[in-house]
Amino acid sequence: MPLIPDFVAPQLEQLGLVLDGTALEKLAGYLKLLLAANERINLTAVRDVEDAWRRHIIDSLTVLPGL
């Protein structure tokens, strides 16, 4: 399973979001599936786990404080 990089929690906290370990593990599992599928079908240009956390997870969660 993709590791949860050290920068994830602090960046989420800057957005006013605190996710527990279970939520972060589920997101890591999602990234694992995404990156595995991306090896078979070109779904995204992002191939690096850290970039995937930044560009797919953190970027998508930036809308939550506004909801």
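Select L61 to begin: this residue sits in helix α3, where helices are DSSP runs of H or I with at least four residues, numbered from the N terminus along with strands (E, at least two). L61 is buried, at 15% relative accessibility. Here buried means under 20% relative accessible area, exposed over 50%, and partly exposed in between, with a 1.4 Å probe and protein chains only. Now show its surroundings: apart from neighbours within four places in sequence, L61 is in contact with L12, L17, L19 and L27, contact meaning heavy atoms within 4.5 Å. For a distance label, pick the C-alpha atoms of L61 and L17, which are 8.6 Å apart although 44 residues separate them along the chain.

A word on what you are viewing: this is a predicted model, in which local features need pLDDT of at least 70 and side-chain atom pairs count only at pLDDT 80 or more, while totals for chains, interfaces and linings use all residues. Residues are numbered from 1 along each chain as its sequence is written, and side-chain values use heavy atoms, with hydrogens and water left out.

**The core**

Next, select V8, L12, L31 and W53. Within the largest nonpolar core, which has 15 residues, these four touch the most other members. Colouring by helix helps at this stop, as α1 (8-14), α2 and α3 each supply at least two residues of this core. A nonpolar core is a set of buried Ala, Val, Leu, Ile, Met, Phe, Trp, Tyr and Cys residues joined through side-chain atoms within 4.5 Å.

**The loop before α3**

Move on to T44, in the loop between α2 (21-40) and α3 (49-61). Is T44 buried or exposed? T44 counts as buried because its relative accessible area is 11%. Show polar contacts next: these are pairs of N or O atoms within 3.5 Å; within protein, one must be able to donate a hydrogen and the other to accept it, and residues adjacent in sequence count only if both atoms are side-chain atoms. The T44 side chain reaches the backbone nitrogen of V46 at 3.1 Å. Beyond its neighbours within four places in sequence, T44 is in contact with N38 and H56.

Follow that link to N38, in helix α2. N38 is buried, at 7% relative accessibility. A polar atom of the N38 side chain lies 2.9 Å from the backbone nitrogen of T44. With neighbours within four places in sequence set aside, the contacts of N38 are L43, T44, V46 and R47.

**E50 and the start of the chain**

Now select E50, which belongs to helix α3. E50 is partly exposed, with a relative accessible area of 38%. Which residues does E50 contact, leaving aside neighbours within four places in sequence? They are P5 and F7. Between E50 and P5, 45 residues apart along the chain, the C-alpha separation is 6.7 Å.

**The segment after α3**

Turn on the surface and select V63, L64 and L67, which make a nonpolar patch of about 310 Å². Patches are made of residues with over 30% relative accessible area and no salt bridge, joining like charges within 9 Å and nonpolar side chains (Val, Leu, Ile, Met, Phe, Trp, Tyr) within 5 Å. The areas come from the Shrake-Rupley method with a 1.4 Å probe, and for residues only the protein chains shown count as cover. A salt bridge is a side-chain nitrogen of Lys or Arg within 4 Å of a carboxyl oxygen of Asp or Glu.

V63 lies in the segment after α3 and is partly exposed at 47%. Its C-alpha atom is 9.2 Å from that of L15, 48 residues away along the chain. L64 is found in the segment after α3 and is partly exposed at 37%.

Last stop: G66, in the segment after α3. G66 is exposed, with 69% relative accessibility.
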